[in-house]
Amino acid sequence: MTIPTTPTPYTDPATLAIDLQTAGYALLRPADVAALAGCSLAALDALAPSWDALELDNYLKDGGHYRRRRHSCFIDDGTSLTPTPHRAHWQPIEYNALHGGMHRLFEPIAATTVAQPGWGALLHALGQACSQARGVQPWFVEAHQFRIDTLGGIGRPTPEGAHRDGVDFVAVLLVARHHVKGGETRVFEAAGPGGKRFTMLEPWTLLMLDDAAVIHESTPIQPTGDNGHRDTLVLTWRAGAFQGEDTAAADA
């Protein structure tokens, strides 16, 4: 699908839940993300150094070595965010044709990162937005720290292509861009012809998605200097159970 480049379609944070319900996505400026979380941008920036300590993703089926990541899970009951015992990340093939059906066990997000005030403030605020859009309930939250590098020439933020994640809501936060070009974000209607394309450039820009309503992808990045990379934090919220747990219970 070809979609025209349009001015960056930023969302009024006051209508975040409504935009998720009606448009299927919302895009917030960094200052609005910090205000929503009730913290300073400096508190969010304090998380960024932990992206320098990510581990190599050894599961890439395209043979690449351009992705580093950490992954942890939490349960958000509306008042507290509780880490779960470390578990593998799993998606069905119908949502991830490239890596679906695999139990991928990544290194957990460092405890020192999770202990940062900005971490809990951010995840709690976005969980509240999910409840405003879909109803108050416990949320099963997965957090992924990603670094896509260009040491091999090209890095692919979404090697699986345009996709859904099989959850209720997805958030993609840009943490850093360093000596790269590309990485355009594309959001498509899941059941229609519409779409948006834009490039997130400022740290802590937030794209939030209703996973059933839209399909998303990011285009490859190329280096413009030494150590080119793009860092993101991807968060997902799912009602009922983590992916794979409800299926396993039904099969038991």
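Two residues are said to be in contact when heavy atoms of one lie within 4.5 Å of heavy atoms of the other. With that in mind, alanine 133 makes a friendly starting point in this predicted model. Alanine 133 belongs to helix α5. Setting aside residues up to four places away in sequence, alanine 133 touches Ala17, Leu20, Gln21 and Phe169. Buried means under 20% relative accessible area, and alanine 133, at 11%, therefore counts as buried. Alanine 133 also shows how folding brings distant parts of a chain together in space: aspartate 168 is 35 residues away in sequence, yet the two C-alpha atoms are 10 Å apart.

The chain as a whole can be described next. The chain holds six helices and 13 strands. Its C-alpha trace spans about 45 × 40 × 40 Å along the principal axes. For 252 residues, a compact globule would have a radius of gyration near 18 Å, and the 17 Å of this chain agrees with that. Of the 252 residues, 51% count as buried. Among contacts between residues at least 6 apart in sequence, 77% join residues at least 24 apart.

The interior comes next. The largest nonpolar core has 38 residues, and those with the most contacts inside it are Leu122, Leu126, Leu173, Met208, Leu235 and Trp237. Helix α5 gives the most to this core, with nine residues. Leucine 173 offers a look at the surroundings of one core member. Not counting neighbours within four places in sequence, leucine 173 is in contact with Val33, Leu122, Leu126, Trp204, Thr205, Leu206, Asp231, Thr232, Leu233 and Leu235. Apart from the largest core lies another, of 14 residues, among them Leu27, Val170, Val172 and Val234.

Strand β10 (206-210) is a good place to see how strands and burial go together. Five of the five residues of β10 are buried. Leu206, Met208 and Asp210 point one way from the strand, while Leu207 and Leu209 point the other way. Strands of a sheet pair through backbone hydrogen bonds, in a parallel or an antiparallel sense. β10 pairs with β1 in the antiparallel sense over four bridges, and here leucine 28 stands opposite leucine 206. β10 also pairs with β6, again antiparallel, over five bridges. In that pairing, leucine 206 is the bridge partner of leucine 173.

Helix α2 (residues 30-37) has four buried residues to note: Pro30, Val33, Ala34 and Ala37. Seen down the helix axis, the buried residues of α2 fall within an arc of 95°, so they line one face of the helix. An α-helix has 3.6 residues a turn, so residues three or four places apart point the same way. The cover over the buried residues of α2 includes β1 (25-28), α3 (41-45), α5 (117-134), β6 (169-178) and β10. After α2 comes glycine 38, which has a positive phi near 70°.

A smaller piece of architecture can be followed strand by strand. An open sheet of three strands has the order β9-β8-β11, with antiparallel pairing. Its edge strands, β9 (195-198) and β11 (214-218), each pair on one side only. From one strand to the next, the twist averages 10°. Between β8 (residues 185-189) and β9 there are four bridges, and arginine 186 stands opposite arginine 197 in β9.

Some loop residues also deserve attention. Most residues other than glycine have a negative phi. Tryptophan 204, although not a glycine, has a positive phi of about 75°. Tryptophan 204 sits in the loop between β9 and β10 and, at 1% relative accessibility, counts as buried. Asparagine 227 likewise is not a glycine and has a positive phi, of about 55°. Asparagine 227 lies in the loop between β12 (221-223) and β13 (229-239), where it is partly exposed, with a relative accessible area of 44%.

Arginine 87 completes the survey of loops. Arginine 87 is found between β4 (81-83) and α4 (111-114). With a relative accessible area of 17%, arginine 87 is buried. Beyond its neighbours within four places in sequence, arginine 87 is in contact with His71, Cys73, Leu105, Glu142, Phe242, Gln243 and Glu245.

Key:
Residues numbered from 1 in each chain as written. Predicted model: local features only at pLDDT ≥ 70, side-chain atom pairs only at ≥ 80, totals over all residues. Heavy atoms only, no water. Pairing = 2+ DSSP bridges. Helix = DSSP H or I, 4+ residues; strand = E, 2+ residues; numbered from the N terminus. Axes fitted to C-alpha atoms, helices over the stretch in contact; angles between N-to-C directions. Buried < 20%, exposed > 50% of the residue type's maximum accessible area, 1.4 Å probe, protein only. Arc of directions from axis to C-beta. Core = buried A, V, L, I, M, F, W, Y, C linked by side-chain atoms within 4.5 Å. Rg over C-alpha atoms; globule rule 2.2 N^0.38 Å.
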